[in-house]
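Colleague: Could you take me through one part of this model in detail? I would like to know what is packed around one helix and the loops beside it, and how the cysteines there are placed.

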Amino acid sequence: MTDTITADPVSRYVGGREFRNLVGGEFVAAGNGATSEVVDPSTGSAVSEVPESSGADVESAVEAARKAQPAWEAMGVDGRSACFARFGELLQGRREEMAMLDAIDSGNPVKAMRVDIDICMPYIEGWPAMARNLRGEVIPASPGNLHYTSHRPYGVVGRITAFNHPVMFAATRPLPALIAGNSIVIKPAPQTSLSTLGLAEIFAEAFPPGVVNVVTGGAEAGAALVTHPTVKRIAFTGSVPTGLAIQKSAAESGHVKNISLELGGKNAMVVFPDADLEESVEGAIFGMNFNVCQGQSCGSNSRVLVHRKLYDEFVQRSAEKLREYQVGIAYADETDMGPLVSAQHHERVSGYLEAGVGEGAKLVTGGDRPEGAPSGGYFMTPAVFADVAPGMRIAREEIFGPVMSVLPWDDYDQMIDTANSVDLGLTAAVWTNDVHLAHKTAERLDAGYVWVNDSTRHYFGTPFGGTKNSGTGREESTGELISYTEEKVVHTRLKDPAAAFARYTN
Ligand code: NAD
């Protein structure tokens, strides 16, 4: 596929195409023939169908993965890296198609989804390099004996993802498990499965059959993967309630599991009175990911705590900038912000707009339908709430939409208490030119990833994950690679060499 823009991307990339699961290198429908509709959130129209997989489909995928794993492990890091390189080449070659599938299916603007694919490349190159450095240790645990460790893959890993960065999650999140020698079963979010099924064609070309398997569907397929006795390692990205349900169902399955959870955020960005106002406004808007996934972003700074000295100006400038956003059809090149992922999610976010107004916050801009938007689409202009109090729902609950709540503050300790008062702790940001304030505040903010004078960006190699109910485990780092392995010790009792030698010479 080339990088040309077409007048009708839906016909070109989706029309007449069959999307199927990838199981053991074969493209297959759900065993019972069930499908679910793919709805284009820019128009509200059904554009395709994807398999609605059952427990039996998951069973087949896990079995294929189990059979393929020993040979994959035996290929070693070099052999596996060659597949990664091929995967990267193929993905780049189909960049426009993958970006368009995401725009059509998720509503994320196509220009942002092209960037999402570019973001995959350092991960595809980075994991093999990191895996080459995954070494065991020789430990002097007892005198005269030899104790060494090695990292063994689990076998089959289950990977369940959220809807907001579909192809980026499908292309990058399985990689550390794979490079460590595991095979995998991927289950993408039901709202946004198209690009993962498109990507399945690339997986099938780049990896041996059965090493990467893709099954689409909802909670039934997800739960079947989580509770499968062969799948000891589960990696999950999604909401807190689903994360908790997974921990519960895994425990009830009677099989001990290693589960990592990347969950929600209600992330605080703190703006000090000495901060550069223009930069911090830009940083807040950038950090909301309005123009990447309509603010449907776990790491977004949806609570901005601005010192009273800058507060009014901050609110006014943010609103002015957001009013310039082009909200429209996701696959049009000029669009800055597309529609929300589904009618149901639009309704949920609208409920928070009502709650904010009802609790006395001021909706300064946004939250309405953009003029001229297609009538069936789930559009919402980017919203800024001012005069937000810490106890309001819009200040405490994850909205996962294009809604930024701005809270004023005067007292430093109270501001820290407010920032830390929610039960989530994924990211935080500190905006100041004072190095002492920056680092002392970063230390006190209860979050897994804290930016100083920056937002949203995270890079391969830096551990990403949350404290409190935002999850457990860290991704994108050495720790994540190790988390796809079980450490093994070999303890050798070494005999006295003179006695051993004597046996051969006497
Ligand atoms: P969700 O929890 O509704 O669904 C996530 C996935 O879980 C989907 O694939 C879904 O089919 C599956 N699932 C649902 N029920 C299941 C069950 N009982 N067992 C197994 N799997 C099941 O989340 P969502 O709406 O797709 O995504 C939004 C959430 O994801 C937000 O809370 C957001 O903050 C979070 N998120 C976190 C990160 C991160 O890195 N921390 C990244 C992106 C999104």
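Modeller: What follows starts at the helix, moves to the loops and cysteines, and ends with the ligand and one strand pair.

Keep in mind that this is a predicted model. Helix α11 covers residues 277-288, twelve in number. From its first C-alpha to its last α11 reaches 17 Å, close to the 16 Å expected at 1.5 Å a residue. At the N-terminal end α11 is capped by Asp276, which places a side-chain oxygen 3.1 Å from the backbone nitrogen of Glu278. After α11 comes Asn289, with a positive phi near 55 degrees.

The buried residues of α11 are Leu277, Ser280, Val281, Gly283, Ala284, Ile285, Gly287 and Met288. An α-helix has 3.6 residues a turn, so residues three or four places apart point the same way. In α11, Leu277, Ser280, Val281 and Ala284 are among the residues that are buried. The cover over the buried residues of α11 includes the helices α12 (290-293) and α13 (308-323). It also includes the strands β11 (268-271), β12 (303-307), β15 (403-409) and β17 (427-431).

Two of the buried α11 residues, Gly287 and Met288, lead to the next loop. Ser300 sits in the loop between α12 and β12 and, leaving out residues up to four places away in sequence, touches Gly287, Met288, Gly295 and Asn267. Ser300 has a relative accessible area of 4%, so Ser300 counts as buried.

Asn267 belongs to another loop, the one between β10 (258-262) and β11. Its relative accessibility is 1%, which means that Asn267 is buried. The Asn267 side chain comes to 2.7 Å from the backbone oxygen of Cys298. Setting aside neighbours within four places in sequence, Asn267 contacts Cys298, Gly299, Ser300, Asn301, Ser302 and Arg303, and also Leu426 and Thr427.

Now the cysteines. Searching the whole structure gives zero disulfides. Cys298 is in none, and the nearest cysteine sulfur, in Cys293, is 8.3 Å away. With 24% relative accessibility, Cys298 is partly exposed. Why does Cys83 form no bond with Cys120? The closest cysteine sulfur to that of Cys83 is in Cys120, and at 18 Å it is too far for a bond. Cys83 is buried, at a relative accessible area of 10%.

The ligand is surrounded by 29 residues, and the closest are Thr161, Ser239, Thr242, Leu263 and Glu398. Backbone atoms supply several of the contacts listed here. A polar backbone atom of Thr161 is 2.9 Å from an oxygen atom of the ligand. For Pro188, a polar backbone atom is 3.5 Å from a ligand oxygen atom. A nitrogen atom of the ligand has a backbone N or O atom of Leu263 at 2.8 Å.

Last, the strand pair. In a regular strand the side chains alternate between the two faces of the sheet. Strand β5 (residues 146-153) shows such alternation: His147, Thr149, His151 and Pro153 point to one face and are buried. Leu146, Tyr148, Ser150 and Arg152 point to the other face and are not buried. β5 runs antiparallel to strand β21 (residues 485-492), and eight bridges join them. Within this pair, Ser150 is opposite Lys488 of β21.

Definitions and conventions. Residues numbered from 1 in each chain as written. Predicted model: local features only at pLDDT ≥ 70, side-chain atom pairs only at ≥ 80, totals over all residues. Heavy atoms only, no water. Disulfide = S-S within 2.5 Å. Buried < 20%, exposed > 50% of the residue type's maximum accessible area, 1.4 Å probe, protein only. Helix = DSSP H or I, 4+ residues; strand = E, 2+ residues; numbered from the N terminus. Pairing = 2+ DSSP bridges. Expected span 1.5 Å × (residues − 1). Contact = heavy atoms within 4.5 Å. Polar contact = N/O pair within 3.5 Å; in protein donor to acceptor, adjacent residues only side chain to side chain. Near = heavy atom within 4 Å.
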